[in-house]
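Got your viewer open and ready to click? Let's take a walk through this protein together, one selection at a time.

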Amino acid sequence: MGAATPPAKVENVRQSSTKITLSWDSVSGVSGYRILQYNSDSDDYEEVASVGADATSLDVTKLIPASVYQFKVQAYKTIDTQTSFGEASDEIVGVTKPGKVKKVKLTTKSSAVTIKWSKADGVTGYQIYRLNTKTKKYEKIATVKGEEKISYKNKKLKKGSTYSYKVRAYMTVEDTDYFGGYSAAAKIKVK
């Protein structure tokens, strides 16, 4: 018995906004689906996972933070030892969020606080938040553009007052911002 007619094209492949989770519409009469990821070294799509016929989603893990990935999903049908593949889905672009900013250090001099943090690879920049003691919420006070710019000076502060800061990285892909987690809070009394 030869291989049957190839399965239909997989449609409506989607990604969630919080992590790279691919989901798609099921195709009837298939044995399963294979997930293809673009490899820039070979300039081709390569299989990174396969799932059974009942699956309509897959979490793609072990990816690099603040990176852009391209995927396709393809249905397949196996009869005896013959496997036929349907047309791959349209490409979906997946973006991993930046990692959490680490090692936030504060110094103070002349009614100002200088905030420094560890560089996050692949990001567009960083956002600096300061605690509003009245509302008890952190409010964005600045955006620093460029992954290499890892400091910000907050000027004209009140001497003797204590200020608390958090920093998070962001990356912009096709006019959409993706945010990493907030750093641990760091506080300092202004000199």
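Start by selecting Ile 141, which is partly exposed, with a relative accessible area of 28%. Keep in mind that what you're looking at is a predicted model. Ile 141 sits in strand β12, which covers residues 137–145. Now show its surroundings: which residues is Ile 141 in contact with, leaving aside neighbours within four places in sequence? You should find Ile 128, Tyr 129, Arg 130, Tyr 152, Asn 154 and Tyr 165. For a sense of distance, add Gln 70 to the selection. Its C-alpha atom is 34 Å from the one in Ile 141, and the two residues are 71 apart along the chain.

**Stop two: the largest pocket**

Stay with Ile 141 for a moment, since this residue helps line the largest pocket. To see the rest of the lining, also select Arg 130, Leu 131, Asn 132, Thr 133, Glu 139, Thr 162, Tyr 163, Ser 164 and Lys 187. The pocket has a volume of about 180 Å³. Try colouring the strands next: β11 (125–132), β12 and β14 (162–173) each give at least two residues to the lining. How many of the lining residues are nonpolar, polar and charged? The split is three nonpolar, four polar and three charged.

**Stop three: the nonpolar cores**

Here's a bit of background before you click. In soluble globular proteins, nonpolar side chains tend to be buried together. In this model, the largest nonpolar core has 25 residues, and Ile 115 and Trp 117 are the ones with the most contacts inside it. At least two residues of this core come from each of β10 (112–116), β11, β12, β14 and β16 (186–189). β14 gives the largest share, with six residues.

Click on Trp 117 and bring up its contacts, skipping residues up to four places away in sequence. Trp 117 touches Val 101, Lys 102, Lys 103 and Val 104, and also Tyr 126, Ile 128 and Val 144. The list goes on with Lys 149, Ile 150, Ser 151, Tyr 152 and Val 167. Another core, of 18 residues, lies apart from the one around Trp 117. To find this other core, select some of its members, including Leu 22, Val 30, Tyr 33 and Ile 35.

**Stop four: zoom out**

Now clear your selections and look at the whole chain. How many helices and strands does the protein have? There are zero helices and 16 strands. Turn the model around and you'll see a C-alpha trace that spans about 85 × 35 × 25 Å along its principal axes. The radius of gyration is 24 Å, while a compact globule of 191 residues would come out near 16 Å. Colour by burial, and buried residues make up 38% of the 191. As for contacts with a separation of 6 or more, 60% of them are between residues 24 or more positions apart.

**Stop five: two loops with a twist**

Most residues other than glycine have a negative phi. Select Asp 80 and check its backbone: phi is positive here, about 55°, although the residue is not a glycine. Asp 80 lies in the loop between β6 (68–79) and β7 (82–85). Is Asp 80 buried or exposed? Its relative accessibility is 57%, so Asp 80 counts as exposed, the cut-off being over 50%.

Then jump to Ser 110, in the loop between β9 (105–109) and β10. Ser 110 also has a positive phi, near 55°, and is not a glycine. With 58% relative accessibility, Ser 110 counts as exposed.

**Stop six: two serines and a threonine**

Select Ser 89, in the loop between β7 and β8 (92–95). This residue is buried, with a relative accessible area of 3%. Apart from residues up to four places away in sequence, Ser 89 touches Lys 9, Val 10, Val 13, Lys 72 and Val 73.

Next comes Ser 84, in strand β7. Ser 84 is buried too, with a relative accessible area of 9%. Draw a C-alpha to C-alpha line from Ser 84 to Pro 6: they are 78 residues apart in sequence and 5.4 Å apart in space.

Finish at Thr 124, in the loop between β10 and β11. Thr 124 counts as partly exposed, at 29% relative accessibility. Its C-alpha atom is 5.8 Å from that of Glu 147, which is 23 residues away along the chain. Glu 147 is also one of the contacts of Thr 124 when neighbours within four places are left aside, along with Lys 145, Gly 146, Tyr 170, Met 171 and Thr 172.

Methods. Residues numbered from 1 in each chain as written. Predicted model: local features only at pLDDT ≥ 70, side-chain atom pairs only at ≥ 80, totals over all residues. Heavy atoms only, no water. Helix = DSSP H or I, 4+ residues; strand = E, 2+ residues; numbered from the N terminus. Buried < 20%, exposed > 50% of the residue type's maximum accessible area, 1.4 Å probe, protein only. Contact = heavy atoms within 4.5 Å. 1 Å grid on protein atoms, 1.4 Å probe; cavity = no way out; pocket = protein on both sides within 12 Å on 5 of 7 lines; lining within 4 Å. Points joined across faces, edges and corners; volume = space filled by probe spheres on them. Nonpolar A, V, L, I, M, F, W, Y, C, P; charged D, E, K, R; others polar. Core = buried A, V, L, I, M, F, W, Y, C linked by side-chain atoms within 4.5 Å. Rg over C-alpha atoms; globule rule 2.2 N^0.38 Å.
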